[in-house]
Each structure stands twice: as C-alpha cells, then as structure tokens.
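Here are a few exercises to work through with the model open beside you. Try each task before reading its solution.

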Amino acid sequence: MNTRGRWLSTCAILFGLLAVSNLLKPLHLGGAETGFVLFGVRLEGTANLIAGPLFGIYLAVYSWSIWKMKKRALYMGAAYAVYVVLNLWLFTTHNEFPFSSFYLLYTVIALGVSGGAAVVLYRKRGDLG
C-alpha cells in the first residue's frame, strides 16, 4: 500500500525536476549567469561543473527515495532542508540586491517544500522501509 500521499508524491516530482536542473547547470542553458549556488556563492567554471551535477545526483536519489518511501529519504530530507536555509541566508549576506517579491516568493517556496517534505517524512517515519 502506498502511504506516500499527494504531498510527498508532489515533492518527489519537484525534487526530481530540480535534480535535472542541477545536472544541467554546467551547460548554462539559462544564460551565462546560470550557475549552481553553493553556500550563498554562485559557482563558475570547474566548481560549477562538479557541484551542480553532484547536487543533481543527490536530489535524484532523494526524489527516488521519497517515491519508494525509503528510510534514507528522512535523513536526506533533513540535511537538504538545513542546506536550503543556510544557502538562502548566505546568499542574501553575500550578495547585494534590492528586495523583490520574486525572491520572497522563491524563499517561501524553497523553505516550504524542503522543510515541508522533511516534516512529513518525519511524521511518516514508521512507513519508511
């Protein structure tokens, strides 16, 4: 029986799409300014070539783990939620840009999905195999 539910199913799909996005970061499909952001710093060159795909692989494994309701999803989700908080905070401290409604919306969605998935996985920890 599938105990994943709609929320975790949606999160698994979203993390899968994010994995693809990160795997493609080195190709700069979004323009020259496109690069993986690691602990608040937008990476370029070799660092972007390595970190983007590595996080893409992490998110692909996380997505699959949620989909299959594996216990590792709980730990991966907690780690990822902490990373998202740190990354957003460090990005705002390392970069000067005007406050925008887009960044506010991005922050709410990023925190809500990463933290929400971790919380729901914790609540369903008994269903994880």
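Let us begin with a definition: patches are made of residues with over 30% relative accessible area and no salt bridge, where like charges are joined within 9 Å and nonpolar side chains (Val, Leu, Ile, Met, Phe, Trp, Tyr) within 5 Å. A salt bridge is a side-chain nitrogen of Lys or Arg within 4 Å of a carboxyl oxygen of Asp or Glu, and accessible areas come from the Shrake-Rupley method with a 1.4 Å probe, with only the protein chains shown counting as cover for residues.

The model is predicted: local features need pLDDT of at least 70, side-chain atom pairs count only at pLDDT 80 or more, and totals for chains, interfaces and linings use all residues. Residues are numbered from 1 along each chain as its sequence is written, and side-chain values use heavy atoms, with hydrogens and water left out.

**Exercise 1. The nonpolar patch**

Find the residues that make the nonpolar surface patch, and say which helix gives the most to it.

Step 1: Val-20, Leu-23, Leu-24, Leu-27, Leu-29, Leu-49, Ile-50, Leu-54, Ile-57 and Val-61 make a patch of about 910 Å².
Step 2: Two or more residues come from each of helix 1 and helix 2; helices (H or I, at least four residues) and strands (E, at least two) are DSSP runs, numbered from the N terminus.
Step 3: Helix 2 contributes the most, with 5 residues.
Step 4: Take Val-20 as one member: its place is in helix 1, and its relative accessible area of 44% makes Val-20 partly exposed (buried is under 20%, exposed over 50%, partly exposed in between, with a 1.4 Å probe and protein chains only).

**Exercise 2. Aromatic pairs**

Work out how Phe-15 and Tyr-62 are arranged, and which parts the pair ties together.

Step 1: The whole structure holds 10 aromatic pairs (ring centres of Phe, Tyr and Trp, its six-membered ring, within 6.5 Å; planes under 30 degrees apart are stacked, over 60 edge-to-face, the rest tilted).
Step 2: Phe-15 and Tyr-62 have ring centres 4.8 Å apart and planes at 40 degrees, so this pair is tilted.
Step 3: Because Phe-15 belongs to helix 1 (residues 5-24) and Tyr-62 to helix 2 (residues 45-67), the pair ties together parts 47 residues apart in sequence.
Step 4: Phe-15 is buried at 3% relative accessibility, and Tyr-62 is buried at 0%.
Step 5: Now turn to Phe-55 and Tyr-83, a tilted pair with 4.9 Å centre to centre and 40 degrees between the planes. Phe-55 is in helix 2 and Tyr-83 in helix 3 (residues 72-94), so parts 28 residues apart in sequence are tied together.
Step 6: These four residues belong to one aromatic cluster, formed by Phe-15, Phe-36, Phe-39, Phe-55, Tyr-62, Tyr-80 and Tyr-83.

**Exercise 3. Asn-22 and Ser-63**

Decide whether Asn-22 and Ser-63 are buried or exposed, and list what they touch.

Step 1: Asn-22, in helix 1, has 5% relative accessibility and is therefore buried.
Step 2: Beyond its neighbours within four places in sequence, Asn-22 is in contact (heavy atoms within 4.5 Å) with Phe-36, Gly-52, Pro-53, Phe-55, Gly-56 and Leu-59.
Step 3: Ser-63, in helix 2, is also buried, at 11% relative accessibility.
Step 4: With neighbours within four places in sequence left aside, Ser-63 is in contact with Ala-12, Phe-15 and Gly-16.
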